[in-house]
Amino acid sequence: MTYIIQQLTTLDPTQLAWVSGYSWALSQQNTSLNNGDNLNGINGISPPETLAPNVAIDAVAPAEERRILILSCSQTGNAQSVAKLLFEQLQGLHADIRFVSANDYRSRSLVSEDIVLLVTSTQGEGEAPEEAVPLYKFMFHKKAPDLSGVSFAVLGLGDSSYPKYNQAAKDFDKQFEKLGAKRLVERVDCDLDFSAQANEWRNAIEKQLKTLLIDTPSNGTTEHTVTTSTPVEQGQHYGKSNPYRAELLTKQRITTEQANEVIHYEIDLGDSGINYQAGDALGIYFSNAERLVDELLDLSSINADELIHLADGTETTIKDALINHLDITETTPQFVRAYAEYLASTDNQALSAIVADSTTLSEFIQARPPVFIMAEHPITLKAQQLHDLFRPLTPRLYSIASSQEEVGNEVHITVKTVRFNKDDTAYQGAASGFLADQLEEGDEVNVYIEPNRNFRLPEEGETPIIMIGAGTGIAPFRAFLQERHAKGDAGQNWLIFGNQRFTEDFLYQNEWIQLNQAGFLHKYDFAWSRQGDKKEYVQHKLAQRSRDVWDWLQQGAHIYLCGDANRMAKDVENTLIDIISQEGKLSLDDAEDYLNELREEKRYQRDVY
């Protein structure tokens with residue numbers, strides 16, 4: 001007993017506090033001191049004049065606290081909301097817990113992490129969300145890091161109607177393991193209705209961490225920090241779950257009658273108090289065309305007034321459900337599989353071979369809306385069966401084409417109307433058709449702001465910017481230039497825009513001319529893919545201006561890209577890598593690293609769809 005007291009006298013206050021906590025923990029595990037030990041007289045014992053020379057202070061030093069990083073890789077906010085719930089759920093753990101958006105995370109920090117809990121969505125053709133691209137490229141680099149000191153878990157949020165369902169989550173999960181990291185729990189892939197599965201994953205994480213951390217006592221310095229891009233609620237708490245009922249002020253076609261229909265919309269935000277920034281998107285709630293609904297009912301031999309139960313358990317007519325609650329224009333694999341089963345129940349095997357092969361099924365659903373499939377293979381259905389074929393209706397997002405610095409309590413969008421014909425019958429896209437055909441000036445529409453911190457103007461107004469867009473991808477750049485003009489920013493502005501024809505679909509042509517004449521649009525290039533004998537795209541203009549692009553980069557320019565993710569964005573990115581390699585005299589691999597570093601510095605940002 002005397003020896004124990006001697007050792008205790010050598011400890012500083014922090015070490016004594018740790019021993020106290022450690023002893024308490026032992027007592028909770030039914031570990032007791034020897035019955036002959038009595039500490040009651042400890043205060044009456046004087047410390048020896050000479051301390052034992054072999055006292056091992058390290059033996060009682062606090063164990064290093066475990067560090068937990070909750071990393072959200074989000075495109076529309078769902079992954080971030082799940083990650084935030086996990087952060088809140090783990091607050092009781094004795095650990096240093098951080099909640100960080102990939103937008104604010106430096107990829108190279110990954111090698112020094114302890115426990116990484118990654119929540120990610122998937123976009124485009126199975127790609128990581130835009131804010132997580134630098135992390136993805138870092139992990140899949142040819143000189144990929146050693147992550148053997150890291151423990152991890154991955155949750156994916158996706159849409160099973162896409163062929164590469166939750167591919168980003170699968171890629172991250174597999175690469176973590178390949179690089180030596182230790183898996184805490186198995187990856188979970190969530191579909192559109194993700195709440196239940198996400199909750200189960202969060203609970204599994206909490207249970208596993210409690211087991212992992214039970215032998216790691218706290219040293220009293222536990223920290224819980226947050227670094228996220230969580231938006232401040234807009235106005236009077238208007239958002240996706242509580243949209244604002246806004247008036248349509250202006251509806252103006254900005255292409256000729258011969259060209260693809262593109263319409264400029266101006267919407268009044270009134271006294272809502274809603275604020276937005278250049279680069280954000282506008283969510284539009286819409287209803288389906290009644291004519292299309294009637295056609296689906298006729299093909300299924302269903303009375304429009306038959307009652308059905310919605311997903312939330314409420315009851316309504318099948319016609320109301322098809323108009324206001326269901327996405328009846330997008331064909332999903334689930335729709336085809338379910339419809340094939342209905343057909344098979346009548347001994348019709350027309351779709352059986354298609355659903356049996358995933359590649360064939362993926363090709364089959366391209367450019368084939370549900371009404372086409374039902375018209376080719378009509379069958380009598382019950383009202384509830386028809387309802388169950390479709391997913392819930394969700395709002396559509398459009399890049400905002402205005403700056404509040406310029407237009408005040410308005411918000412503008414630029415929308416191409418999707419139209420196509422089959423058997424002399426005209427069809428239109430869901431949201432774009434609603435805006436073009438069902439909404440008139442003076443009508444009202446439910447809207448909300450979807451913030452996009454991954455597409456922001458430089459904080460310094462003197463910074464030069466290069467804006468690259470095709471088609472309606474011009475929208476956010478109209479907002480950028482309005483904002484810079486209204487603020488009097490002195491930075492150089494370069495616009496590279498492409499569309500089919502100069503004579504028919506030069507979107508906002510007069511505005512660009514006025515900005516140039518005012519000395520505010522300092523440099524511009526336009527590419528026309530259907531004007532003349534030679535097809536020219538924005539990437540061709542970039543290549544032709546290779547030296548200028550490099551010079552602007554050396555001056556600190558930010559590059560912005562908006563448009564089609566599958567073709568245009570990839571072609572532009574490859575061209576940028578070629579330019580950096582050629583002008584910077586770098587290998588292609590080093591040029592790709594250079595571009596990725598621009599991403600990390602927020603100097604290369606994309607808004608692709």
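This passage describes an annotated site, one helix and several loop residues of a predicted model. Residues are numbered from 1 along each chain as its sequence is written, and side-chain values use heavy atoms, with hydrogens and water left out. In this predicted model, local features need pLDDT of at least 70 and side-chain atom pairs count only at pLDDT 80 or more, whereas totals for chains, interfaces and linings use all residues.

The UniProt record, an unreviewed entry, places the feature "binding site" at Ser74, Gln75, Thr76, Gly77, Asn78, Ala79, Ser121, Thr122, Gln123 and Gly124. UniProt positions are given in the numbering used here, feature names are shortened, and annotations may be inferred rather than shown by experiment. Gln75, one of these positions, is situated in the loop between strand E1 (67-73) and helix H3 (78-89). Helices (H or I, at least four residues) and strands (E, at least two) are DSSP runs, numbered from the N terminus. Gly77 belongs to the loop between E1 and H3 as well.

With a relative accessibility of 34%, Gln75 is classed as partly exposed, and Gly77, at 28%, is also partly exposed. Here, buried means under 20% relative accessible area, exposed over 50%, and partly exposed in between (1.4 Å probe, protein chains only). When residues up to four places away in sequence are not counted, Gln75 touches Ser121, Gln123, Pro129 and Glu130; contact means heavy atoms within 4.5 Å. The side chains of Gln75 and Gln123 are joined by a polar contact of 3.2 Å. A polar contact is a pair of N or O atoms within 3.5 Å; within protein, one must be able to donate a hydrogen and the other to accept it, and residues adjacent in sequence count only if both atoms are side-chain atoms.

Thr122, another annotated position, occupies the loop between E3 and helix H4 (133-139). Thr122 and Cys73 are separated by 49 residues in sequence, yet their C-alpha atoms are 8.9 Å apart in space. Apart from neighbours within four places in sequence, the contacts of Thr122 are Glu127, Leu157, Lys164, Asn166, Gln167, Ala168 and Ala169. The side chain of Thr122 reaches the backbone nitrogen of Ala168 at 3.1 Å, and one of its polar atoms lies 3.5 Å from the backbone nitrogen of Gln167.

Annotated Ser74 is also touched by Asn454, whose other contacts, not counting residues up to four places away in sequence, are Asn103, Glu131, Gln605 and Arg606. Asn454 lies in the loop between strand E19 (444-450) and strand E20 (465-470) and is buried, with a relative accessible area of 13%.

Helix H6 (residues 195-213) has 19 residues, and its end C-alpha atoms are 27 Å apart, in agreement with the 27 Å expected at 1.5 Å a residue. The expected span is 1.5 Å times one less than the number of residues. Ala198, Trp201, Arg202, Ile205, Glu206, Leu209 and Leu213 are the buried residues of H6. They cover an arc of only 140° around the axis, and are therefore on the same side of H6; the arc is that of the directions from the helix axis to the C-beta atoms. These buried residues pack against E1, H3, strand E3 (115-121), strand E4 (151-157) and strand E6 (188-190). On the other side of H6, Ala196, Glu200, Lys207 and Thr211 are exposed.

Most residues other than glycine have a negative phi. Asp424, however, has a positive phi near 65°; this residue is in the loop between strand E17 (419-422) and strand E18 (425-428) and is exposed, with a relative accessible area of 84%.
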